[in-house]
Amino acid sequence: MLKFTGSEKRLCGDYVDLPSVKAGLKDGMRLRVPSKLNGEVIRNDDNGPLEKEDGSRYRYTFNSDYLEQCSKIGIDQMICIPSGGGEKYTKAYLDYSNMIAPGTKHVRCVFVKPATALEYRARYPDLIIVELPERTGVLEQTARVGDARFWILAFVRQLRLHAEAEKCNAAAGFFGRCFMLDDDVLCLHELNAPPKADKPCRLEVMLDSLRQCPLQPRLPPLIGFHCRRLPGRQR
């Protein structure tokens with residue numbers, strides 16, 4: 001469980017006074033972590049931001065040594081995938097074996113509604129599943145499609161604020177940003193000018209290119225997604 005203990009304004013900005021936001025900040029966000037990640041990705045830490053719900057004193061944190069490896073030789077930010085809507089757990093595309101090179105150090109979390117968490121856990125036992133706060137009142141002033149992304153940002157910000165308070169530079173740097181990707185992206189391609197054909201691209205290569213891309217005087221880098229319509233479908 002991640003409890004929100006940082007500045008509410010820094011976590012949620014101008015939405016901090018909404019009843020639904022206050023309720024979410026109070027409840028926190030539950031994580032379901034595969035046992036095989038214990039030790040390498042998640043470790044015991046008496047001052048960690050993660051705690052058990054059974055009332056025990058055990059606390060945990062993301063392993064700063066692993067996060068440092070991610071930043072140096074892997075993917076230097078958390079990959080956050082909002083997933084949900086109906087029975088999306090039956091068809092969500094969460095297999096990244098063709099999008100991330102084998103052995104690449106990275107942290108990937110799937111954010112789901114509490115009601116579907118066990119379904120996701122059963123189908124994707126190797127992924128960190130994070131439960132979004134219950135939707136009570138919904139973020140009235142925001143589009144519903146943005147609810148998950150709102151809480152993902154709060155989640156990552158809380159981890160960064162905790163790392164800064166603990167003076168853990170590796171974790172603070174890692175959680176300084178995150179990359180969100182929808183749960184229906186099948187593959188990535190590098191766009192080339194005609195007549196050269198586009199070529200497959202891995203996620204770590206794309207993010208590394210974005211990080212090294214100078215913003216001035218050039219325009220910011222652009223990422224686009226092509227939606228392929230199924231035959232006979234209008235949408």
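## The sheet and its edges

In this predicted model, strand β1 and strand β7, the latter made of residues 128-131, run antiparallel and are joined by two bridges. One residue of β1 whose partner can be named is Arg32, which is bridged to Ile129 in β7. As general background, the strands of a sheet pair through backbone hydrogen bonds, and they may do so in a parallel or an antiparallel manner.

The pair belongs to an open sheet of five strands, which follow one another in the order β1-β7-β6-β5-β8 with mixed pairing. Because β1 (31-32) and β8 (178-180) each have a single partner strand, they stand at the edges, and one side of each is left without a neighbour in the sheet. Helix α5, which spans residues 147-165, packs on this sheet and touches β1, β5 (78-82), β6 (108-112), β7 and β8, while its direction makes about 155° with that of β5.

## The buried side of helix α7

Helix α7 covers residues 203-212, and its buried residues are Leu203, Glu204, Met206 and Leu207. These residues lie on the same side of α7, because the arc they cover around the axis is only 160°. A general feature of the α-helix helps to explain such a pattern: there are 3.6 residues a turn, so residues three or four places apart point the same way. Among the elements that cover the buried residues of α7 are β5 and β8.

## Two loop residues

His106 is placed in the loop between β5 and β6, and with a relative accessibility of 22% it counts as partly exposed. Leaving aside residues up to four places away in sequence, His106 touches Tyr66, Cys70, Ile75, Ile79 and Ile100. The side chain of His106 also reaches the backbone oxygen of Thr104, at 2.9 Å. Although His106 and Gln77 are 29 residues apart in sequence, their C-alpha atoms are 7.7 Å apart in space.

Thr116 is found in another loop, the one between β6 and α4 (117-123). Its relative accessibility is 14%, and since buried means under 20%, Thr116 counts as buried. When residues up to four places away in sequence are not counted, Thr116 touches Gly86 and Tyr89.

## Cysteines

A disulfide is, in general, a covalent bond between the sulfur atoms of two cysteines. In this model the count of disulfides comes to zero. Cys70, with 0% relative accessibility, counts as buried, whereas Cys187, at 46%, counts as partly exposed.

Technical notes: Residues numbered from 1 in each chain as written. Predicted model: local features only at pLDDT ≥ 70, side-chain atom pairs only at ≥ 80, totals over all residues. Heavy atoms only, no water. Pairing = 2+ DSSP bridges. Helix = DSSP H or I, 4+ residues; strand = E, 2+ residues; numbered from the N terminus. Contact = heavy atoms within 4.5 Å. Axes fitted to C-alpha atoms, helices over the stretch in contact; angles between N-to-C directions. Buried < 20%, exposed > 50% of the residue type's maximum accessible area, 1.4 Å probe, protein only. Arc of directions from axis to C-beta. Disulfide = S-S within 2.5 Å. Polar contact = N/O pair within 3.5 Å; in protein donor to acceptor, adjacent residues only side chain to side chain.
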